[in-house]
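Hello,

Here is the structure we talked about. Please have a look at it first, then read the notes underneath.

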Amino acid sequence: MCGSRRLDFIEDGIDLAIREGALADSSLTARKLGTISIELYASPAYLERCGRPRRLEDLQRHDLLAVPASGPATDLAELRGRKGRRLDLAPRFRINDLLALADLAEQGEGIAALPRYVAKPGVARETLIRVVPRATLARLPLHAVYPSRRHLPRRIEVVLDLLRTEIPPLLR
């Protein structure tokens, strides 16, 4: 299951979930897997056609792509420039699918605010380039969460061990 709807572990029959961002207080147990960096990416074709932004203030003249704002970390309108002035950026597209957002950026539709792990394949293929490299828009914790239990099922322990070893390299 994926999406932005909060799942009910008991009602939905879920053993384990991966959550990005700050966690609300709950009865769930959480294990931090790493930190996600949100950065800006665009295709070489877009940058050739529209120019390469050098500072966050330059984004006001560009087509921006983002996920729907769910808080300050994902709201481009909350970005501030060098002097602390709010930039009031308005994305051209907002889409609730990170892979589709990356695809739009690779197709030259604009500059996307993406987690590094989502942009990594496009960067490797040279279909995405990081823009404004000194600007990281947000750093969000990544957690594995599961119902608090005294005796964690072995299958969950195995998955947690795998996540702890495999996730951190993906986030670099």
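**Overall layout**

The protein has four helices and seven strands. Please keep in mind that this is a predicted model. From the N terminus on, the order of the elements is β-β-α-β-β-α-β-α-β-β-α. The C-alpha trace spans about 55 × 35 × 25 Å along its principal axes.

The protein has 172 residues, and 40% of them count as buried. Its accessible surface comes to about 10400 Å². Carbon and sulfur atoms hold 51% of that surface.

Now the contacts. Take those in the protein with a separation of 6 or more: 73% of them come from residues 24 or more positions apart.

The charges come next. There are 29 positive and 22 negative ones in the protein. Their mean positions lie 6 Å apart.

**Helix α4**

Helix α4 covers residues 154-171, which is 18 residues. From its first C-alpha to its last, α4 reaches 26 Å. That is close to the 26 Å expected at 1.5 Å a residue. Even so, α4 bends by about 30° at R164. A proline, P168, follows within four residues.

Which residues of α4 are buried? They are I156, L160, L163, I167 and L171. Their cover includes two strands with low numbers, β1 (17-20) and β2 (28-42). It also includes α3 (116-125) and β7 (138-147).

**Two residues to look at**

Start with S37, which sits in strand β2. Is S37 buried or exposed? Its relative accessible area is 8%, so S37 is buried, the cut-off being under 20%. Leaving out residues up to four places away in sequence, S37 touches L114, P115 and R116. On the same count, S37 also touches T136, A138 and R139.

Then go to R82. Where does R82 lie? It is in the loop between β3 (64-66) and β4 (93-94). R82 counts as exposed because its relative accessibility is 63%, and the cut-off is over 50%. R82 still touches R55, E57 and R134, again not counting residues up to four places away in sequence.

One distance to check on your screen is from R82 to A119. These two are 37 residues apart in sequence. In space they are 25 Å apart, C-alpha to C-alpha.

Best wishes

Notes: Residues numbered from 1 in each chain as written. Predicted model: local features only at pLDDT ≥ 70, side-chain atom pairs only at ≥ 80, totals over all residues. Heavy atoms only, no water. Buried < 20%, exposed > 50% of the residue type's maximum accessible area, 1.4 Å probe, protein only. Contact = heavy atoms within 4.5 Å. Areas by Shrake-Rupley, 256 points an atom, 1.4 Å probe, with all protein chains shown as cover. Lys, Arg positive; Asp, Glu negative; His and termini not counted. Charge placed at Lys NZ, Arg CZ, Asp CG, Glu CD. Expected span 1.5 Å × (residues − 1). Bend = angle between axes of the 7 residues up to and from the residue.
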